[in-house]
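Reader: Please take me slowly through one part of this structure, residue by residue where that helps. I would like a careful, connected account rather than a list.

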Amino acid sequence: RVREVATSSLIRMVKLSGPKLVAMLEEDVVALALGSATQSTDWDPRVAASSLPLLLPLMHSSPLYCRQMVSGLVVTLGGIDRPLSQVAAAALLPVLRSQAQGSPHYATVSAVADCLVALANQFAHDDRVAIPWLRTVDVLFSSNLFTQLPSDHAFFLQVLEVVKSESKGCKDIPKLKAMALVLCHLAGLPGNESAPPMQALLVLLVNRYPQVRKYTAE
């Protein structure tokens with residue numbers, strides 16, 4: 001419903017502003033998002049399955065697009081709406097995998113990592129963002145996207161710091177479980193980088209909540 005209202009509002013703005021609003025958008029936005037929409041009878045901007053594959057490649061065009069799209073993807077990919085999460089993953093992962101295979105836009109994977117860290121710092125201790133953020137990081141790790149980054153990349157240490165910060169005084173069981181998943185990914189890194197996340201996992205193994213202890217152990 002939110003996407004439908006946003007799309008309807010944007011369409012009204014385009015009709016009212018005409019060239020003024022279009023002039024604010026870069027050429028690639030108009031060509032990819034609007035141009036593709038007019039050429040495809042299946043395109044519906046209110047439906048994530050048809051709009052996300054068209055919009056996500058814009059992450060290559062500008063850091064601004066990347067930041068905004070990562071922000072939206074955290075809500076969809078890591079949210080409680082499982083069908084929407086699956087659609088977002090199906091649209092995002094092929095875009096990032098193509099960058100990890102040596103294309104000129106390989107830097108997009110690193111840019112997404114940077115945007116994730118910036119988002120976590122911006123909304124620190126806000127569970128409305130922190131929990132979807134943790135789930136999103138888990139999905140991306142599970143898809144082996146971050147294995148393309150060197151093991152000493154700053155992103156891994158930054159993720160660990162985010163998890164440790166969010167865990168202080170945390171009493172939210174789903175959030176603690178999501179932390180355990182992310183820490184397991186970090187603990188699987190080669191070299192000495194695995195020691196700090198392993199220590200954090202050991203802390204969760206003695207957590208006050210039996211559910212968290214059991215989940216972490218499994």
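Author: What follows is a close look at the contact of helix 8 with helix 9 and at the residues and loops around that contact.

The model is a predicted one, and the whole protein may be set out before the part. The protein has 12 helices and 0 strands, and its pattern along the sequence reads α-α-α-α-α-α-α-α-α-α-α-α. Of its 218 residues, 42% are buried, while the accessible surface amounts to about 12300 Å², with carbon and sulfur atoms contributing 59% of that area. If one takes the contacts between residues at least 6 apart in sequence, 60% of them join residues at least 24 apart.

Within this all-round setting, the part to look at is a pair of helices. Helix 8 covers residues 127-142 and helix 9 covers residues 154-167, and the two pack with their axes 12 Å apart and at an angle of about 140°. Their crossing is left-handed. On the side of helix 8 the contact is made by Asp 127, Ala 130, Trp 133, Leu 134, Val 137 and Phe 141, and on the side of helix 9 by Phe 155, Phe 156, Val 159, Val 162, Val 163 and Glu 166. Sorted by class, these residues comprise 10 nonpolar and 2 charged ones, with no polar residue in the contact.

Several of the names in that contact return when the aromatic rings are considered. The structure holds 5 aromatic pairs, and ring pairs join Phe 141, Phe 146, Phe 155 and Phe 156 into a cluster. Phe 146 and Phe 155 form a tilted pair, because their ring planes stand at 45° to one another, with the ring centres 4.6 Å apart. Phe 155 also pairs with Phe 156, and here the ring centres are 5.7 Å apart and the planes make an angle of 65°, so this pair is edge-to-face. The cut-offs behind these two words are that planes over 60 degrees apart count as edge-to-face and planes under 30 degrees apart as stacked, with the rest tilted.

These rings can also be placed by their accessibility. Phe 146 and Phe 155 are both buried; for Phe 155 the relative accessibility is 0%, which is why Phe 155 is counted in that class. Phe 156 is buried as well, with a relative accessible area of 4%.

A charged residue of the contact deserves the next look. Glu 166 lies in helix 9, and with a relative accessible area of 6% Glu 166 is buried. When neighbours within four places in sequence are left aside, Glu 166 is in contact with Phe 123, Ala 124, His 125, Asp 127, Ala 130, Lys 175 and Met 179. Among these partners, Asp 127 and Ala 130 are also named on the helix 8 side of the contact between the two helices.

His 125, another partner of Glu 166, leads to the loop between helix 7 (107-122) and helix 8. The phi of His 125 is near 65°, a positive value in a residue other than glycine, and His 125 is partly exposed, with a relative accessible area of 48%. Asp 126 is found in the loop between helix 7 and helix 8 too, but Asp 126 is buried, at a relative accessible area of 18%. From C-alpha to C-alpha, Asp 126 and Glu 166 are 9.0 Å apart in space, although 40 residues apart in sequence.

The loop between helix 8 and helix 9 holds Asn 144, which has a positive phi of about 60° although Asn 144 is not a glycine. With a relative accessibility of 48%, Asn 144 counts as partly exposed.

Beyond the other end of helix 9, Lys 171 is found in the loop that runs between helix 9 and helix 10 (173-187). Lys 171 counts as exposed, at 56% relative accessibility. Neighbours within four places in sequence aside, Lys 171 is in contact with Arg 208 and Tyr 209, and the C-alpha atoms of Lys 171 and Arg 208, which are 37 residues apart along the chain, are separated by 9.1 Å.

Key:
Residues numbered from 1 in each chain as written. Predicted model: local features only at pLDDT ≥ 70, side-chain atom pairs only at ≥ 80, totals over all residues. Heavy atoms only, no water. Phe/Tyr/Trp six-rings, centres within 6.5 Å; stacked < 30°, edge-to-face > 60°. Buried < 20%, exposed > 50% of the residue type's maximum accessible area, 1.4 Å probe, protein only. Axes fitted to C-alpha atoms, helices over the stretch in contact; angles between N-to-C directions. Helix = DSSP H or I, 4+ residues; strand = E, 2+ residues; numbered from the N terminus. Left-handed = near helix turned anticlockwise from the far one by under 90°. Contact = heavy atoms within 4.5 Å. Nonpolar A, V, L, I, M, F, W, Y, C, P; charged D, E, K, R; others polar. Areas by Shrake-Rupley, 256 points an atom, 1.4 Å probe, with all protein chains shown as cover.
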